[in-house]
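Trainee: I would like to go through the charged pairs of this model and ask, for each label, what stands behind it.

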Amino acid sequence: MLLSFVIPCYHSAATLPEVVSEIKATVERDGRYGYEIILVNDNPPDDTYEVIRRLAREDRNIKGICMSRNFGQHAALMAGYREVQGDIVISLDDDGQTPADQLFRLVEALKEDVDVVYARYPSKKHSPFRNFGTYMNEKMAVWLLGKPKNLHITSYFAMRPLVVEQIVQYHNPYSYVEGLVLRATSRVINVPVEHRARESGESGYTFSKLLSLWLNGFTAFSVKPLRVGTLAGTVLMILGFLSAMIVLVQKLRLGDAIDAGWSSLMCLLLVLGGLILAMLGLLGEYIGRIYVSISAAPQYVIRERCGGDRPKETE
């Protein structure tokens with residue numbers, strides 16, 4: 001049996017060796033599995049890939065992939081998934097906050113009726129900004145992707161090859177792994193795992209990157225935002241019709257005594273104008289992404305690889 005680890009790497013030259021060492025020690029201590037570790041360098045402004053090269057030279061079970069530019073965490077995961085050969089695929093972070101010494105909690109929870117196991121953190125050690133981003137991502141996944149409310153999505157998870165096979169068939173440039181997982185299977189559970197505090201560096205997720213991730217989620221996997229616009233337009237149309245009827249009745253009853261309501265009219269125009277522009281912007285986002293997709297924009301581009309000898313499996 002072989003465990004495949006896929007780790008997207010960004011600005012992690014200081015933390016990555018310890019993460020890899022902990023994975024190797026945990027797997028070797030258990031003794032039931034072989035391992036391969038795929039480290040995907042997402043082109044950060046430091047020497048992360050030099051560290052990956054060194055780790056690949058020291059261990060034939062480690063493969064390094066270097067992107068040509070920064071494509072984002074989910075594109076890096078997609079690149080790694082297309083290289084895996086294992087019986088169980090595990091994704092975790094490169095900063096040490098996802099504890100590799102507890103990986104067998106995920107592996108052992110992959111029973112016959114379970115395809116994916118996500119770590120759930122009873123106490124999270126992220127910054128308030130990152131926690132807010134996670135909260136918004138959870139709400140979005142429930143509404144747009146049909147995620148069960150009691151299921152928590154994290155970056156530390158294990159899955160069966162059948163799920164990976166479905167994920168890698170997606171070639172759209174706007175990748176969103178959580179959406180692909182939930183589209184592939186409903187047999188997803190959580191297990192409790194400790195979450196560590198960050199010892200070095202800071203999160204690579206800025207507000208713009210989080211916003212881009214949310215856009216990927218709801219434009220690539222759902223048309224519900226467009227339906228919201230249709231619903232809002234219908235409701236406003238009905239309210240406008242009712243308002244017109246009320247004004248007409250009052251005009252017939254009171255004649256010139258009724259106020260023309262210039263201020264109310266301008267407020268209504270601003271609301272309707274804002275709604276129309278917002279929906280046009282959303283439509284433009286969908287159309288723009290369709291254009292980029294049909295123009296064969298790459299999901300990612302790999303500049304080079306290192307290491308990657310076929311690992312020996314443990315019987």
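Trainee: What makes K24 count as buried, partly exposed or exposed?

Mentor: The model is a predicted one, in which local features need pLDDT of at least 70 and side-chain atom pairs count only at pLDDT 80 or more, while totals for chains, interfaces and linings use all residues. Residues are numbered from 1 along each chain as its sequence is written, and side-chain values use heavy atoms, with hydrogens and water left out. Buried means under 20% relative accessible area, exposed over 50%, and partly exposed in between (1.4 Å probe, protein chains only); K24 has 23%, so K24 is partly exposed.

Trainee: Why are D59 and K24 called a salt bridge?

Mentor: The term asks for a side-chain nitrogen of Lys or Arg within 4 Å of a carboxyl oxygen of Asp or Glu, and the N to O distance of this pair is 3.3 Å, so the criterion is met. D59 lies in the loop between α2 (48–58) and β3 (62–67) and K24 in helix α1 (residues 16–30), so the pair ties together parts that are 35 residues apart in sequence; helices (H or I, at least four residues) and strands (E, at least two) are DSSP runs, numbered from the N terminus.

Trainee: Why is D59 called buried?

Mentor: Its relative accessible area is 7%, which falls under the limit for buried, so the label holds.

Trainee: How do you know that E58 is exposed?

Mentor: E58 has 56% relative accessibility, which is over the limit for exposed, so E58 takes that label.
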